[in-house]
Amino acid sequence: MTAHQHGHHENPPADTDPARFWDERYSQSDRIWSGRVNPVLAEVAADLSPGTVLDLGSGEGGDAIWLAARGWRVTAVDVSSVALDRLAAEAERAGVAERITTLRHDVTQGFPPGRFDLVSAQFFQSPLVLPREKVLPPAAAAVAPGGRLLVVEHGAPPPWSGLDPDDPRFATPEEILAAVDLDADGWEIERLGAAHRTATHDGHTGELVDHVVLVRRR
Ligand SMILES: C[S@@+](CC[C@H](N)C(=O)[O-])C[C@H]1O[C@@H](n2cnc3c(N)ncnc32)[C@H](O)[C@@H]1O
């Protein structure tokens with residue numbers, strides 16, 4: 001992973017265009033994220049047979065490339081073409097380009113078509129408006145029968161960030177699940193809770209908390 005290596009931003013103005021904001025953010029360095037798969041996704045996918053996966057907010061592709069290398073057919077969606085170009089170049093280098101389709105899409109404006117065995121939203125969070133209530137229900141709708149939706153979010157600010165732990169951007173697992181707005185009979189909740197990991201940033205080591213929701217469509 002991934003997120004938090006550069007900390008959180010303050011909220012930019014509400015009218016900021018997400019493509020411009022994220023393209024600029026990605027253009028500020030050759031690589032923002034680590035390129036490694038997110039740990040909860042790796043743990044969950046280890047128990048699944050490879051199928052089709054929709055990676056929402058795929059960024060530079062650490063997850064997409066890891067999944068493709070394990071046989072998944074990946075649709076990687078991001079609003080930033082800078083991020084997707086990096087993902088595609090990295091996929092070529094890793095020899096998995098034929099198993100990855102990239103789609104530039106602002107998911108607040110519409111959702112990519114198709115049904116997937118796994119829909120993965122890893123730290124699909126933004127300093128811009130990215131309401132869970134708007135993006136998670138269509139993410140669930142994109143899950144094929146028997147498939148899963150995995151949402152992993154920062155559960156708290158990293159200890160070195162100085163951010164307020166009560167910042168409303170940090171939702172509880174139950175709040176994330178409520179935003180998905182599932183029909184209870186049609187889904188099984190496989191995981192709902194926190195995962196902890198140790199991370200280092202600029203010489204500070206601390207514990208990070210991720211909030212995890214994993215649901216399976218019956
Ligand atoms: C915090 S990053 C996480 C990237 C990656 N999933 C990871 O774990 O490293 C959030 C990603 O969501 C993308 N994003 C933000 N708003 C978006 C939107 N409205 N539609 C599609 N992608 C968006 C950003 O470009 C960025 O790559």
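The following paragraphs lead through a predicted model, from the surroundings of its ligand to its aromatic residues, its strands and its loops.

The ligand is a convenient place to begin. The shell around it comprises 19 residues, and those that come nearest are Y26, G57, D78, D106 and Q122. By character, this shell divides into eight nonpolar, nine polar and two charged residues. Three contacts between nitrogen atoms of the ligand and the protein backbone can be described individually. A ligand nitrogen lies 2.7 Å from a polar backbone atom of G57. For Q122, the corresponding distance between a ligand nitrogen and a polar backbone atom is 2.9 Å. At V79, a polar backbone atom is 3.1 Å from a nitrogen of the ligand. On its own the ligand has 600 Å² of accessible area, and the protein covers 96% of that area.

Y26, one of the residues that come nearest to the ligand, also leads to the aromatic residues of the model. The count of aromatic pairs comes to two. In one of them, the ring centres of F21 and W22 are 5.5 Å apart and the ring planes stand at 80 degrees; the pair is edge-to-face because this angle is over the 60 degrees that the class requires. F21 has a relative accessibility of 13% and therefore counts as buried, the limit being 20%. W22, at 11% relative accessibility, likewise counts as buried. W22 also takes part in a pair with Y26, with ring centres 6.0 Å apart and planes at 40 degrees, so this pair is tilted. Both W22 and Y26 belong to helix α1, which spans residues 18–27, and they are four residues apart, about one turn of the helix. Both of these residues are buried. Together F21, W22 and Y26 form one aromatic cluster.

From the helix the description moves to the strands. Strand β1 covers residues 52–56 and includes L54. With a relative accessibility of 0%, L54 counts as buried. A178 lies 124 residues from L54 along the chain, and the C-alpha atoms of the two are separated by 21 Å. β1 pairs with β2 in the parallel sense, over five bridges. Within this pairing, V53 stands opposite V74 of β2. Strand β2, residues 73–78, is mostly covered, with five of its six residues buried.

A further set of pairings centres on β7. Strand β6 (residues 187–201) and strand β7 (residues 204–217) run antiparallel and are joined by 14 bridges. Two of the partnerships may be followed along this pairing: E188 has R216 in β7 as its bridge partner, and H201 is partnered by H204. The two strands form a hairpin with two residues between them, and D202 in the turn has a positive phi of about 50 degrees. β7 also pairs with strand β5 (residues 143–154), again in the antiparallel sense, through seven bridges. There V151 stands opposite V213 of β7. β7 itself is mostly covered, since 10 of its 14 residues are buried under the limit of 20% relative accessible area. In a regular strand, side chains alternate between the two faces of the sheet.

The backbone conformation of certain loop residues completes the account. Most residues other than glycine have a negative phi. F123 is not a glycine, yet its phi is positive, near 55 degrees. This residue lies in the loop between β4 (116–122) and α5 (132–141). F123 counts as buried because its relative accessibility is 11%. D181 is also not a glycine and has a positive phi, of about 60 degrees. D181 is found in the loop between α6 (173–180) and β6. At 60% relative accessibility, D181 counts as exposed, since the limit for that class is 50%. The two loop residues thus carry opposite labels: F123 is buried, whereas D181 is exposed.

Key: Residues are numbered from 1 along each chain as its sequence is written. This is a predicted model: local features need pLDDT of at least 70, side-chain atom pairs count only at pLDDT 80 or more; totals for chains, interfaces and linings use all residues. Side-chain values use heavy atoms; hydrogens and water are left out. A residue is near a molecule or strand if one of its heavy atoms lies within 4 Å of it. A polar contact is a pair of N or O atoms within 3.5 Å; within protein, one must be able to donate a hydrogen and the other to accept it, and residues adjacent in sequence count only if both atoms are side-chain atoms. Accessible areas come from the Shrake-Rupley method with a 1.4 Å probe; for residues, only the protein chains shown count as cover. Ala, Val, Leu, Ile, Met, Phe, Trp, Tyr, Cys and Pro count as nonpolar, Asp, Glu, Lys and Arg as charged, and the others, Gly among them, as polar. Two strands pair if DSSP finds at least two bridges between them. Rings of Phe, Tyr and Trp (its six-membered ring) pair if their centres lie within 6.5 Å; planes under 30 degrees apart count as stacked, over 60 as edge-to-face and the rest as tilted. Buried means under 20% relative accessible area, exposed over 50%, partly exposed in between (1.4 Å probe, protein chains only).
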